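Me: I would like to learn how to read the features of a model such as this one, step by step. Please begin with what is needed to judge whether a side chain is covered.

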Amino acid sequence: MPISAFDLFKIGIGPSSSHTGGPMTAAFLYTELVEQRGLVGSVHRVEVELFGSLGVTGHGHGTIKAVILGLEGEQPHLVDPVTAEPRVDEVGQTRRLRFAGHREIDFDPEVDLIMHRRKRLDFHTNGMRFHAYDADGAELLARDYFSVGGGFILDEDQIGVDHAAEATVPVQHPFNMGEQLLEICAATGKSFSEIVMANELSWRTEAEVRAGLLEIWDVMQDTIRRGSTTDGILPGGLGVRRRAATQLRLQQKAEDPNDKLSTMEWVTLFALAVNEENAAGGRVVTAPTNGAAGIIPAVLKYYVDFVPGANDDGVVRFLLAATAVGGLFKQNASISGAEVGCQGEVGSACAMAAGALAEVLGGTPEQVENAAEIGIEHNLGLTCDPVGGLVQIPCIERNAVGAMKAITAARMAVRGDGKHHVSLDVAIKTMRDTGADMMDKYKETARGGLALNVVEC
């Protein structure tokens with residue numbers, strides 16, 4: 001199924017696309033389904049079961065908050081992060097919920113949200129089951145949903161469906177593999193971004209695509225601004241201090257315009273700012289996930305601020321080229337930390353940013369593919385082991401390091417001729433195989449690695 005830039009880059013709130021954004025969307029879709037069936041007036045009680053990784057890390061990843069907001073009719077791209085937390089607190093205190101945004105029902109999060117820490121549904125570790133009951137306790141409607149990474153949701157009817165076959169809108173340049181994409185570029189003389197733009201025109205006009213991508217960039221920049229001007233302690237109980245604002249003050253005081261190392265300090269600051277905002281539940285862009293949301297904005301701001309000749313056209317090309325690479329990961333492996341570890345999140349984002357930067361630096365399609373391959377190759381085997389189940393340690397720093405890797409990968413690739421021994425397709429397959437071999441405790445469960453060995457304070 002063709003993947004649009006607006007599938008990979010979604011505006012939402014932190015701290016996790018698969019554990020916050022996805023469950024909120026699933027809860028909202030469930031309320032819509034109940035409404036479509038004409039059952040809202042009969043709903044007296046709802047119950048939600050969270051399985052697998054959602055059940056294990058749901059509190060730290062904001063899943064409880066997300067489900068409550070979704071049941072009240074909120075969506076990730078529309079919900080106000082400022083009012084979200086107070087509303088969830090009110091539901092907890094009153095034990096009353098506005099189902100689908102208008103029907104008040106009893107709802108006790110401690111009773112009606114069930115966290116299964118040792119059970120999972122067959123299809124995916126991020127499974128949810130929603131139940132609605134009438135006043136007599138009879139079940140009105142039950143539905144399973146799966147949050148498969150990056151905010152993408154599948155319901156029980158979509159499992160095993162050939163989505164490529166069901167796609168009703170053909171695209172101009174369909175591709176599923178990096179090798180196919182390179183062949184299309186060679187045959188047409190187009191770049192990665194031009195191929196994706198041609199495909200986007202199946203759904204939107206070029207003006208709409210450009211406006212939408214520039215809006216996404218505006219949100220990314222706003223996240224950087226908020227993250228780099230907000231002090232304090234991140235929520236969750238670990239006592240992690242926000243560092244981006246302090247670094248900004250130090251950077252502004254000590255910056256030497258002739259110091260090339262200063263550029264790298266700025267990139268680190270950009271990534272930290274985004275992921276601190278994400279950890280605080282602020283508005284971010286899934287890129288392609290929330291846990292890895294800082295890498296692409298940091299590298300894109302590096303392009304805008306430090307590459308001569310950068311402009312809005314380059315921003316659009318950057319995001320389109322990143323889409324080409326991200327789509328390959330989504331189709332052929334996974335962008336879900338709960339499925340393949342953090343290599344699927346930070347690794348994919350690093351590859352996307354590296355390929356995108358290589359293109360706007362003037363790289364050929366072969367160099368862009370090489371940059372993306374370098375980006376993922378040096379993240380293979382990266383585990384997802386968040387301390388305390390929070391998207392803070394090691395996630396925030398990991399984004400800063402990932403952004404630096406992406407820039408290094410892009411610059412290495414554009415200084416080469418595009419020829420290399422390991423193709424992007426092979427690296428993506430290796431990531432998928434590595435994820436399959438990885439023990440489950442290293443896949444966003446907070447039961448292995450740093451999550452097990454760091455004593456919580």
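Reply: Buried means under 20% relative accessible area, exposed means over 50%, and partly exposed lies in between, with a 1.4 Å probe and protein chains only. At 0% relative accessibility, Phe130 therefore counts as buried, and Tyr145, at 3%, counts as buried too. Before going on, note that this is a predicted model, in which local features need pLDDT of at least 70 and side-chain atom pairs count only at pLDDT 80 or more, while totals for chains, interfaces and linings use all residues. Residues are numbered from 1 along each chain as its sequence is written, and side-chain values use heavy atoms, with hydrogens and water left out.

Me: How many aromatic pairs does a search of the whole structure find?

Reply: Rings of Phe, Tyr and Trp (its six-membered ring) pair if their centres lie within 6.5 Å; planes under 30 degrees apart count as stacked, over 60 as edge-to-face and the rest as tilted. The search of the whole structure finds five aromatic pairs. Among them is the pair of Phe130 and Tyr145, which is edge-to-face, with 5.6 Å centre to centre and 85° between the planes. Helices (H or I, at least four residues) and strands (E, at least two) are DSSP runs numbered from the N terminus. Phe130 lies in strand 6 (residues 127-133) and Tyr145 in strand 7 (residues 139-147), so the pair ties together parts that are 15 residues apart in sequence. Together with Tyr30, these two residues, Phe130 and Tyr145, form one aromatic cluster.

Me: Which lysine lies over the face of Phe152, and which over that of Phe270?

Reply: A charge sits over a ring if NZ of Lys or CZ of Arg is within 6 Å of the ring centre and within 35 degrees of the ring normal. Lys10 lies over the face of Phe152, at 4.0 Å from the ring centre, and Lys301 lies over the face of Phe270, at 5.5 Å from the ring centre.

Me: Where does Lys301 appear among the buried residues of a helix?

Reply: Lys301 is one of the buried residues of helix 13, a list that also includes Ile295, Leu300 and Tyr303. Nine of the twelve residues of helix 13 are buried, so that the helix is mostly covered. The expected span of a helix is 1.5 Å times one less than its number of residues; for helix 13 (residues 295-306) this gives 16 Å, and its end C-alpha atoms are 16 Å apart, which agrees.

Me: How many disulfides does the structure hold?

Reply: A disulfide is a covalent bond between the sulfur atoms of two cysteines, and the test applied here is a pair of cysteine sulfur atoms within 2.5 Å. The structure holds zero disulfides. The sulfur of Cys342 is 5.5 Å from the closest cysteine sulfur, in Cys384, and this is too far for a bond. Cys342 is buried, with a relative accessible area of 8%, and Cys384 is buried as well, at 10%.

Me: What does Asn278 touch, not counting residues up to four places away in sequence?

Reply: Contact means heavy atoms within 4.5 Å. On that basis, Asn278 touches Gly14, Pro15, Ser16, Val284, Asn290, Gly291 and Val391, with residues up to four places away in sequence not counted. Asn278 lies in helix 12 and is buried, with a relative accessible area of 0%. Trp266 also has its place in helix 12 (residues 260-279), and Trp266 is buried, at 13%.
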